[in-house]
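Trainee: Could you take me through the aromatic rings in this one, up close? I'd like to know who sits beside whom, and what surrounds them.

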Amino acid sequence: MRSIRKSQIARYIMTGGATTAVNYIVYIAAQAAGTDYLTANCAAWLFAVIFSFFANRELVFHSTGSKIREFMQFFWLRLATLASETLLLFALIEGVGFGNLLSKVLVSVITVILNYLTCRYGIFNKGGISDE
């Protein structure tokens, strides 16, 4: 069995946990400062995307590809994730009546899976190592 350090999925989970922490810290802080949940989500997203790009590129996928090309792909795909996340948050909070933190957790599960697949098979699939 491979060690956790060599497992791409384990590294993704660990950096994803740190990215999620950045996202939630910014989201909760913005909400505490009186920012509405949609604006708070956008701010949380921006901070998390920047952190996540460097963590994924360096620690998870060990990419040696063009940093600019990868960042642009990463940013645009994450922007699509933001749009999806925002629509789902709105639907769960305004439409279904769930609380905003519960909705954020439910939406996060979906986006984590989609983001891994996008990074693994789209953005960082050339030039780095693949352990899985």
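Mentor: Here's a walk through the ring pairs, then the core around them, then a charge that sits over two rings. Keep in mind that this is a predicted model, where local features need pLDDT of at least 70 and side-chain atom pairs need 80 or more, while totals for chains, interfaces and linings use all residues. Residues are numbered from 1 along each chain as its sequence is written, and side-chain values use heavy atoms, with hydrogens and water left out.

Searching the whole structure turns up 12 aromatic pairs (Phe, Tyr or six-membered Trp rings with centres within 6.5 Å; planes under 30 degrees apart are stacked, over 60 edge-to-face, the rest tilted). Take Tyr12 and Phe61: their pair is tilted, with 6.4 Å from centre to centre and 55° between the planes. Tyr12 belongs to helix α1 (residues 8-32) and Phe61 to the loop between α2 (37-60) and α3 (67-96), so this pair ties together parts 49 residues apart in sequence. (A helix here is a DSSP run of H or I, at least four residues, numbered from the N terminus.) Tyr12 and Phe61 are both buried (under 20% relative accessible area; exposed is over 50%, partly exposed in between, with a 1.4 Å probe and protein chains only).

Now look at Phe75 and Trp76, whose pair is edge-to-face: the centres are 5.6 Å apart and the planes 85°. Phe75 counts as partly exposed because its relative accessibility is 22%, while Trp76, at 51%, counts as exposed.

Ring pairs link these four residues into a cluster that also includes Trp45, Phe53, Phe54, Phe71, Phe74, Tyr116 and Phe124. Phe54 is found in helix α2 and is partly exposed, at 41% relative accessible area.

What's around Tyr12 and Phe61? They belong to the largest nonpolar core, 12 residues in all, with Trp45, Val49, Phe53, Val60, Phe74, Leu82, Tyr116, Cys119, Ile123 and Phe124 as the other members (buried Ala, Val, Leu, Ile, Met, Phe, Trp, Tyr and Cys joined through side-chain atoms within 4.5 Å). Helices α2, α3 and α4 (100-123) each supply at least two of its residues, and α2 gives the most, four. Apart from this core there's another, of 10 residues, with Tyr37, Ala40, Ala44 and Leu92 among them.

Finally, find Lys104. Its charged end sits over the ring of Tyr24, 5.8 Å from the centre (NZ of Lys or CZ of Arg within 6 Å of the ring centre and within 35 degrees of the ring normal). Lys104 also lies over the face of Tyr27, at 5.1 Å from that ring's centre.
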